Amino acid sequence: MTVREALDALRHRLADRGDVEARSIAEWALARALGGRRSDLPRLAHRRLEAEASRRLADWAARLEAGEPLQYVLGDAEFFGRVFRCDARALIPRPETEELVAAVLAEAAPWRRSAPRVVDVGTGAGVIAVTLAIERPAARVTAIDRREAALGLARENARRHGVEDRIEWRLGDLLEGAAAASADLVVANLPYVPTGEIARLEGVVRDHEPVSALDGGPDGLGLIRRLIPQAARALAPGGALFLEVGERQGPDVSALLRAAGFEGVEIRRDLAGRERIARGVTWDRRGRRMTGRRLARRARPTHDGRISGRASSPSEPSTKPLSPPA
Ligand SMILES: C[S@@+](CC[C@H](N)C(=O)[O-])C[C@H]1O[C@@H](n2cnc3c(N)ncnc32)[C@H](O)[C@@H]1O
């Protein structure tokens with residue numbers, strides 16, 4: 001069978017089960033089975049698929065046909081321009097979470113400290129904690145998850161990127177037990193899907209990603225509602241809390257932030273125009289309020305805001321391009 005024939009066969013199998021992304025998924029899988037890049041496929045179209053690549057593809061095709069997400073099948077995903085291991089122990093990183101990280105990096109005040117203390121609550125695969133540790137070498141990062149399996153995956157990712165020892169790993173429930181004024185930044189992408197909506201999620205998400213990473217309780221805000229007052233206490237003056245929220249949760253989360261005493265409360269839109277990032281700040285050291293306008297005036301660009309790569313896609317291997325057909 002040639003590369004072209006294998007591609008068409010997989011594309012048809014996936015399209016037959018209603019996969020709207022059948023073509024691109026087939027291309028990703030085939031390119032990876034060949035050990036190359038998607039851009040190599042056109043010139044390899046008439047090459048014969050070797051036995052090893054064929055075996056690998058058959059295994060992946062069966063899993064994809066069973067509805068498993070491509071990132072779990074191939075075992076990795078790209079986030080903020082880096083490759084992270086990805087499997088059923090944790091949620092697949094999403095593009096809006098890259099925007100959350102970009103917003104955190106652009107928050108000026110907490111990063112002015114000599115060793116800013118950053119806490120990633122609900123770390124999952126560790127993409128937020130690891131990215132912040134890499135982007136801000138002076139930061140002291142803590143990553144918390146209540147699931148040991150997720151923490152294991154996060155540690156693997158930290159090791160892969162050389163920051164495992166820079167992160168404190170904590171198995172726990174939100175910020176339970178955190179000392180007062182012990183953090184400068186708290187970041188969380190917690191489960192926020194209302195329990196009743198889980199059954200209506202796409203099968204590829206509902207049936208394969210951990211429900212513990214999705215289910216936010218009856219109104220989706222169960223965990224966020226508990227975290228906000230904990231964060232208000234754990235943050236030092238001049239600190240900031242950033243949350244990823246569901247697109248209809250902005251007004252409720254704003255109210256929760258204000259009720260807990262946060263200032264400069266903002267609900268920011270993602271690149272798709274949906275209200276997905278909540279931010280609140282605490283009083284600074286001199287007892288002055290860090291309002292949004294003052295922060296904006298004082299802000300220095302600390303990150304170029306560029307969001308690279310296809311976040312939810314698997315990675316392109318860093319191998320050299322495939323050799324031309326024999
Ligand atoms: C939506 S996933 C986010 C994973 C990762 N931070 C990301 O952005 O891709 C939420 C994570 O929160 C964790 N989690 C759920 N409830 C928690 C709790 N009470 N305390 C700590 N972590 C919790 C889940 O195990 C899961 O890994």
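Two residues are in contact if their C-beta atoms, placed from the backbone, lie within 7 Å. On that basis, in this predicted model, residues 24 or more positions apart account for 70% of the protein's contacts with a separation of 6 or more. The secondary structure comes to 14 helices and 9 strands, and buried residues make up 41% of the 326 residues.

**The sheet**

An open sheet is formed by 7 strands in the order β5-β4-β3-β6-β7-β9-β8, with mixed pairing. The edges are taken by β5 (167-171) and β8 (263-269); each has a single partner strand, so one side of each is left without a neighbour in the sheet. Direction ignored, neighbouring strands of this sheet are turned by 15° against each other on average.

Two of the pairings in the protein are set out below.

| Strand pair | Sense | Bridges | One bridge pair |
|---|---|---|---|
| β3 (residues 117-121) and β4 | parallel | 5 bridges | V121 and I144 of β4 |
| β7 (residues 235-244) and β9 (residues 275-281) | antiparallel | 5 bridges | L241 and G280 of β9 |

Strand β4 (residues 140-145) has 5 of its 6 residues buried, so β4 is largely enclosed by the rest of the structure. This strand therefore combines that burial with a parallel pairing to β3.

**Helices across the strands**

Helix α9 (residues 148-160) lies across β4 and β5. The direction of α9 is at about 170° to that of β5. Helix α12 (residues 222-234) lies across β3, β6 (183-188) and β7, and α12 runs at about 160° to β7.

**The pair α1 and α2**

Two packed helices are described by the angle between their axes and the distance between the axes. For helix α1 (residues 3-16) and helix α2 (residues 22-33), the axes come within 8 Å and cross at roughly 135°. That angle makes α1 oblique to α2, since angles over 145 degrees would count as roughly antiparallel. The crossing of α1 and α2 is right-handed.

On the α1 side, the contact is made by V3, A6, L7, L10, R11, L14 and A15. On the α2 side, the contributing residues are A22, R23, I25, A26, E27, A29 and L30. By class, the contact of α1 with α2 has 11 nonpolar residues, no polar residues and 3 charged residues.

Notes: Residues numbered from 1 in each chain as written. Predicted model: local features only at pLDDT ≥ 70, side-chain atom pairs only at ≥ 80, totals over all residues. Axes fitted to C-alpha atoms, helices over the stretch in contact; angles between N-to-C directions. Helix = DSSP H or I, 4+ residues; strand = E, 2+ residues; numbered from the N terminus. Parallel < 35°, antiparallel > 145°, perpendicular 65-115°, else oblique. Left-handed = near helix turned anticlockwise from the far one by under 90°. Nonpolar A, V, L, I, M, F, W, Y, C, P; charged D, E, K, R; others polar. Buried ≥ 20, exposed ≤ 12 C-beta atoms within 10 Å, placed from the backbone. Pairing = 2+ DSSP bridges.
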